[in-house]
Amino acid sequence: MQGSLRVADYFNDIHEQARLSARKFISTHVLPHIDDWEEAGEFPRELYQKAGDAGLLGIGFPEELGGTGEGDIFLRVAVSEELMRSTSGGLVAGLGSLDIGLPPVAKWARPDLREQIVPPVLRGEKISALAITEPGGGSDVANLKTRAVRDGDHFIVNGSKTFITSGLRADHYTVAVRTGGEGHGGVSLLLIDRDMPGFSTGNKLRKMGWWASDTAELFFEDCRVPADRLIGAENAGFAVIMSNFLAERLMLAIMAYMTAQLAYEAALDYTRQREAFGRNLTGYQVTRHKLVDMATQIDVAREYTYRCATLMQAGKNPVKEVAMAKNFSVEVCEKVTREAVQLFGGMGYMRESVVERLYRDAKILSIGGGTTEIMKELIAKQLTL
């Protein structure tokens, strides 16, 4: 469904070359194995290095740190769409955990720390993760409890995190901690390595969807972190977290409409081939109208997400619009994947069917990066309701 108008309006030749590179990476290194990786609950660590070699991990990061350069939002959009062709949101989330864990380091860490940490992650030699969510916190970031107390030239960290993507095998964690008083004004970010004393991980968490991503709990028991691992100013971490959320939510909107796109394409192929009562399923008006509704909703979700990307490309801060895009795309995703399973009938309930996986993977998108309800509150504030 990549029409010529859309390509001309949003994507240039460089974007299309990157799209083709990502497509080749997925078809060569991922699709032959993805079913096995889903069942295993993980993909090989070597895939990070292959993605790094293909230039897929450095998009949007500064050139001096090994990235493609900052500011080209549609380069990220093009590659993200193709990565979702893996049919596994979990793989994309795991492979892309650097896109939420690393930007604060690249933008606000000390120069020598940036140069030490960022290039190996972009090459796929190391893995970066973001650790904000806590067992009792969820979307209430300003109320986080993990405490970091200054002790000379170190912080002593105590607390825990949960639902952390790449939690088990990340090398570096960008961790939200409380260094000051209550509320958002007391939050800071620390870069914590997995080999620091007092840090440990729990068992891999078993999830409804995103099976191929490793998701874990993190524990900090008198974890000693050098004070120079502070990212940005002390007690100023909340603003960094919020700025990070905008790009993350745009990516979740892309994941949502692409999950729907894949489900639609699978349903279209299946209904063209499947016969019932002497004719293909597409011979029935009810089937055709379902497919029309699916295609329409996906197109609208995609186009509005592109509009948000255009605003970001222009240097705007479209908090309201991106929240709308995320919510709308997720709603479309849940509807389309449900209809795709219905069109497949009993086969849609089988794990060998791609729509079964897409249907399971869809649900997390209304939770991750801020729940649907939190997005509505953000939108309401922007509308001054």
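**Entry 1: a pair at β3**

I started with K161 and E134, whose side chains meet in a salt bridge at 2.8 Å, N to O. K161 sits in strand β3 and E134 in the loop between β1 (128-131) and β2 (147-151), so this pair ties together parts that are 27 residues apart in sequence. I checked cover next: K161 and E134 are both buried. Note to self: this is a predicted model, so I looked up the confidence before going on.

**Entry 2: confidence**

The protein chain has a mean pLDDT of 94, and 97% of its residues reach 70 or more. Residues 1-5 are another matter, with pLDDT below 50. Beyond near neighbours in sequence, I find 12 contacts for that stretch in the model.

**Entry 3: the other salt bridges**

How many salt bridges does the structure hold? I get 25. As a reminder, side chains of opposite charge can pair when their charged atoms come close.

I pulled up E81 and R19, which form a salt bridge with their closest N and O atoms 2.9 Å apart. This one links distant parts of the chain: E81 is in helix α5 and R19 in helix α2 (residues 13-30), 62 residues apart. Are these partners buried or exposed? E81 has a relative accessible area of 1%, so I log E81 as buried. R19 comes out at 2%, so R19 is buried too.

Next I looked at D35 and R357, another salt bridge, at 2.5 Å from N to O. D35 lies in helix α3 (residues 34-40) and R357 in helix α13, so the pair ties together parts 322 residues apart in sequence. Cover differs between the partners here: D35 is partly exposed at 48% relative accessible area, whereas R357 is buried at 7%.

Back to K161 and E134 for a moment, as their 2.8 Å bridge was where I began. Following shared partners elsewhere, I see salt bridges joining E16, R19, R23, E81 and E82 into one network.

**Entry 4: helix α5**

Since E81 is in α5, I went through that helix residue by residue. α5 is mostly covered, with 11 of its 11 residues buried. The buried set includes nonpolar names such as I73, F74 and L75, and also R76, E81 and E82.

**Entry 5: positive phi**

I then scanned the backbone. Most residues other than glycine have a negative phi. Which residue in the loop between α5 (73-83) and α6 (89-95) caught my eye? It was T87, with a positive phi of about 70° despite not being a glycine. T87 has 13% relative accessibility, so T87 counts as buried.

S166 does likewise, not a glycine but with a positive phi of about 65°. I place S166 in the loop between β3 (154-165) and β4 (172-178). Its relative accessible area is 1%, so S166 is buried.

G345, just after α12, also takes a positive phi of about 65°.

**Entry 6: α12 and what follows**

α12 itself has 26 residues. From first C-alpha to last I get 37 Å, close to the 38 Å expected at 1.5 Å a residue.

Past the helix I found a nonpolar surface patch formed by M347, Y349 and M350, with about 340 Å² of accessible area together. M350 belongs to the loop between α12 (319-344) and α13 (354-362). M350 has 35% relative accessibility, so I put M350 down as partly exposed. α13 was already in my notes as the helix of R357.

Conventions
Residues numbered from 1 in each chain as written. Predicted model: local features only at pLDDT ≥ 70, side-chain atom pairs only at ≥ 80, totals over all residues. Heavy atoms only, no water. Patch = residues over 30% accessible without salt bridge, like charges linked within 9 Å, V, L, I, M, F, W, Y side chains within 5 Å. Areas by Shrake-Rupley, 256 points an atom, 1.4 Å probe, with all protein chains shown as cover. Salt bridge = Lys/Arg side-chain N within 4 Å of Asp/Glu carboxyl O. Helix = DSSP H or I, 4+ residues; strand = E, 2+ residues; numbered from the N terminus. Buried < 20%, exposed > 50% of the residue type's maximum accessible area, 1.4 Å probe, protein only. Expected span 1.5 Å × (residues − 1). pLDDT = per-residue confidence, 0-100. Contact = heavy atoms within 4.5 Å.
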